[in-house]
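Colleague: Got a minute to go through this model with me? I'd like to start with the sheet and then move on to the salt bridges.

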Amino acid sequence: MALNIYNSFTRKKDLFVPIDKSQVKMYVCGPTVYGPPHVGHARSYTCFDVVRRYLDYLGYNVKYVQNITDVGHLVGDSDDGQDKILAQASKEHIDPYALAYKYETIYFEYMDKLNIKRPSISARATGFIPEMIEMIQKIIDKGYGYVTSQGNVYFSVHKLSTYGKLSGRKLEDNLSGERIEVADDKEHPEDFALWKSAVGGHIMKWNSPWGWGYPGWHIECSTLSKKFLGDTFDIHGGGLDNIFPHHESEIAQSEVANGKPFVNYFMHNNLVTVNGTKMGKSLGNFITLEDLFKTFDPMVVRYFILQFHYRKPVDFSFDAIKNIESQYNKIKETFNMISALASNEKTEVLDENLKEVKQNFENAMDDDFNTPVALAEMLRFSKIASKIVEEKNENLAKQANSLVKMFADVLGFNFEDSSEKQSNENSQDKSEKLLELISSVRDKLRASKNYEMSDYIRDELNKLDINISDKKI
């Protein structure tokens with residue numbers, strides 16, 4: 001079976017044929033760094049991490065590019081209003097550049113905890129303003145962009161007959177009321193911003209042929225994908241809520257500026273709900289990864305996420321994760337016993353039952369990255385592995401260990417390491433028990449009037465900055 005991907009362009013599963021047989025070029029919309037990462041980030045980037053990992057597994061050299069939106073993303077995703085980063089910087093009384101860097105660092109910290117591989121290239125939007133200006137000028141020169149008296153630049157949607165080909169939306173459906181506020185200098189309400197004039201005390205601004213300003217939200221992805229992946233590339237990923245207007249606008253900008261098709265496969269992960277309700281800050285059901293990881297091992301969260309196909313919605317709840325926690329821990333325990341029995345060696349899989357597991361797993365992944373079926377096969381395999389451990393069959397253990405490595409590499413689980421929280425708790429617990437034991441020994445030495453040895457232990461501990469006070473005997 002060959003890899004088939006559901007393509008949002010064609011609205012069906014298409015055979016995956018990369019532009020270059022040896023390399024896959026992949027772009028995924030990154031975070032807007034104005035707040036801590038949340039469950040929605042975990043869902044989206046875990047899904048595309050698995051896509052990237054399986055392409056690696058198939059032998060492709062994957063060039064994975066992700067942007068960091070640190071400017072230009074307006075509240076409500078409209079073309080008018082306040083920049084999200086500036087709004088949050090004002091609340092936290094911090095420079096907007098410092099705020100963006102702060103939350104970018106936190107974002108990667110929590111992606112690392114989820115064992116999400118870092119992109120080949122992670123590009124901050126603010127680092128590529130000249131390239132954005134250059135692309136905007138090309139769009140203007142080709143007659144699809146216009147400059148207003150207020151110093152704003154807009155893309156003229158009505159001039160592009162193919163606008164809407166991804167979302168299937170017609171221009172008459174794009175009512176101005178869908179946005180927070182329609183800028184009063186547009187020719188048409190549907191036109192979107194390429195460049196916005198910086199007015200008042202706007203801190204994040206750059207000089208341009210149209211005056212001081214900053215880029216619109218959509219132009220950064222068109223610019224960064226072209227710079228690092230070329231005019232046309234293989235896969236573009238993002239959330240379902242980005243289809244319109246973001247991805248639709250990306251296509252329009254890129255194909256006008258470059259004169260070539262933008263991307264061959266568009267992939268979209270579905271959204272996260274909380275107890276059946278859409279997740280959002282305003283609804284009070286917004287869950288950060290910091291809070292989530294206080295209760296659950298990040299690998300358990302990853303296991304929960306992958307139980308849902310990336311195109312299906314995830315209904316999140318603490319109870320739902322709790323219900324599968326013991327299942328994951330049992331799988332991890334079995335896999336670690338297999339690795340220990342095999343002395344962490346692996347070999348070619350020859351056993352028919354194990355070969356069937358491998359084939360079923362690959363078939364599931366080839367079918368549009370069907371992780372629920374892949375996890376079901378991993379669960380079935382864990383029962384086979386448990387029997388191998390019980391029988392102490394080292395030959396089969398080595399074969400099974402090859403499959404443990406496959407599940408870890410493709411699905412991104414770190415079976416060997418406990419969570420950082422658990423590790424710290426265990427270390428602290430052992431240290432406390434050791435000190436209690438030493439203190440007890442000293443008390444017995446002093447009770448038997450062996451003060452020389454008791455004082456020796458006390459003095460040696462003092463050298464380690466561990467102070468023990470003597471009790472009266």
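Colleague: In what order do the five strands of the open sheet come?

Modeller: Bear in mind that this is a predicted model. The pairing in the sheet is parallel. Strand 5 (121-124) and strand 11 (263-269) are the edge strands, each pairing on one side only. Put the five strands between those edges in sequence and you get 5-4-3-10-11.

Colleague: And by how many degrees are neighbouring strands of this sheet turned against each other on average?

Modeller: Direction is ignored for this one. The average for neighbouring strands comes out at 20 degrees.

Colleague: Let's look at strand 3 and strand 10. Which residue in strand 10 is the bridge partner of M26?

Modeller: Strand 3 covers residues 23-28 and strand 10 covers 233-239; they run parallel, joined by three bridges. For M26, the partner in strand 10 is I235.

Colleague: What angle does helix 1 make with strand 3?

Modeller: Helix 1 (residues 39-57) packs on the sheet, where it touches strand 3, strand 4 (61-68), strand 10 and strand 11. Helix 6 (residues 243-258) lies across strand 10 and strand 11, and runs at about 160 degrees to strand 10. For helix 1 against strand 3, the angle between directions is about 175 degrees.

Colleague: On to the charges. Which residue forms a salt bridge with D112, and how far apart are the closest N and O atoms?

Modeller: D112 has 38% relative accessibility, so it counts as partly exposed. Its partner is partly exposed too, at 45% relative accessibility. That partner is R118, with the closest N and O atoms 2.7 Å apart.

Colleague: Where in the chain do K398 and E345 sit, given that the pair links distant parts?

Modeller: Their side chains meet in a salt bridge, 3.6 Å from N to O. K398 is partly exposed at 26% relative accessibility, and E345 is partly exposed at 41%. The two are 53 residues apart: E345 is in the loop between helix 9 (318-341) and helix 10 (352-366), and K398 is in helix 12 (residues 394-411).

Colleague: Why does R458 count as partly exposed rather than buried?

Modeller: R458 forms a salt bridge with D459, the closest N and O atoms being 3.3 Å apart. Buried would need under 20% relative accessible area. R458 is partly exposed because its relative accessible area is 22%.

Colleague: Last one: which residues are linked in a network of salt bridges?

Modeller: The model's salt bridges come to 23 by count. The residues linked in a network are D49, R53 and R302.

Definitions and conventions: Residues are numbered from 1 along each chain as its sequence is written. This is a predicted model: local features need pLDDT of at least 70, side-chain atom pairs count only at pLDDT 80 or more; totals for chains, interfaces and linings use all residues. Side-chain values use heavy atoms; hydrogens and water are left out. Two strands pair if DSSP finds at least two bridges between them. Helices (H or I, at least four residues) and strands (E, at least two) are DSSP runs, numbered from the N terminus. Axes are lines fitted to C-alpha atoms, for helices over the stretch in contact, and angles run from 0 to 180 degrees between N-to-C directions. Contact means heavy atoms within 4.5 Å. A salt bridge is a side-chain nitrogen of Lys or Arg within 4 Å of a carboxyl oxygen of Asp or Glu. Buried means under 20% relative accessible area, exposed over 50%, partly exposed in between (1.4 Å probe, protein chains only).
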